[in-house]
Amino acid sequence: VSQSRYSNLFIAPARNLSLGGVFLEQLVQIPLGTEVKLVLRSDVFKGPIQIKGKVVRIEEAGQRGLAVEFINLSTAAKEAIDSCVFDKRMEKALKIA
């Protein structure tokens, strides 16, 4: 995930992607409540997905990172994320079975 704040650009691994938001491994400090622009890239997506979000939680113990809640997802972004999440759930279910 590329995240942009003001004129800065950061790249961070994404975890726990859902239609509501994403958890990013924290490589830099971004204050709680900050609005960010995210660019999600994955082999699963047809191309990069641009999303606006807001930092809603900061984890400093254990797995350090930021929880970002998505703001006004486009229909295309919703469909791409939903498909990715479904594929990951199916992959996990098949490993368990």
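**Core packing and salt bridges in a predicted model**

Beyond its neighbours within four places in sequence, Val-68 is in contact (heavy atoms within 4.5 Å) with Gly-20, Gly-21, Val-22, Leu-24, Val-36, Leu-38, Gly-53, Lys-54 and Val-55. The model is predicted: local features need pLDDT of at least 70, side-chain atom pairs count only at pLDDT 80 or more, and totals for chains, interfaces and linings use all residues. Residues are numbered from 1 along each chain as its sequence is written, and side-chain values use heavy atoms, without hydrogens and water.

The protein has one helix and seven strands, taken as DSSP runs numbered from the N terminus (helices H or I, at least four residues; strands E, at least two). Their order along the sequence is β-β-β-β-β-β-β-α.

Val-68 also belongs to the largest nonpolar core, which has 19 residues. Such a core is a set of buried Ala, Val, Leu, Ile, Met, Phe, Trp, Tyr and Cys residues joined through side-chain atoms within 4.5 Å. Leu-38, Leu-40, Ile-51, Val-68, Phe-70 and Ile-81 have the most contacts inside it. At least two core residues come from each of S4 (21-25), S5 (35-40), S6 (49-59), S7 (65-71) and H1 (75-96). H1 gives the largest share, four residues. Of the 97 residues, 33% are buried (under 20% relative accessible area; exposed is over 50%, partly exposed in between; 1.4 Å probe, protein chains only).

Two salt bridges were found (side-chain nitrogen of Lys or Arg within 4 Å of a carboxyl oxygen of Asp or Glu). Glu-25 pairs with Arg-15 at 2.7 Å between the closest N and O atoms. Glu-25 lies in S4 and Arg-15 in S3 (residues 14-15), 10 residues apart. Glu-59 and Arg-57 form a salt bridge, also at 2.7 Å, N to O.
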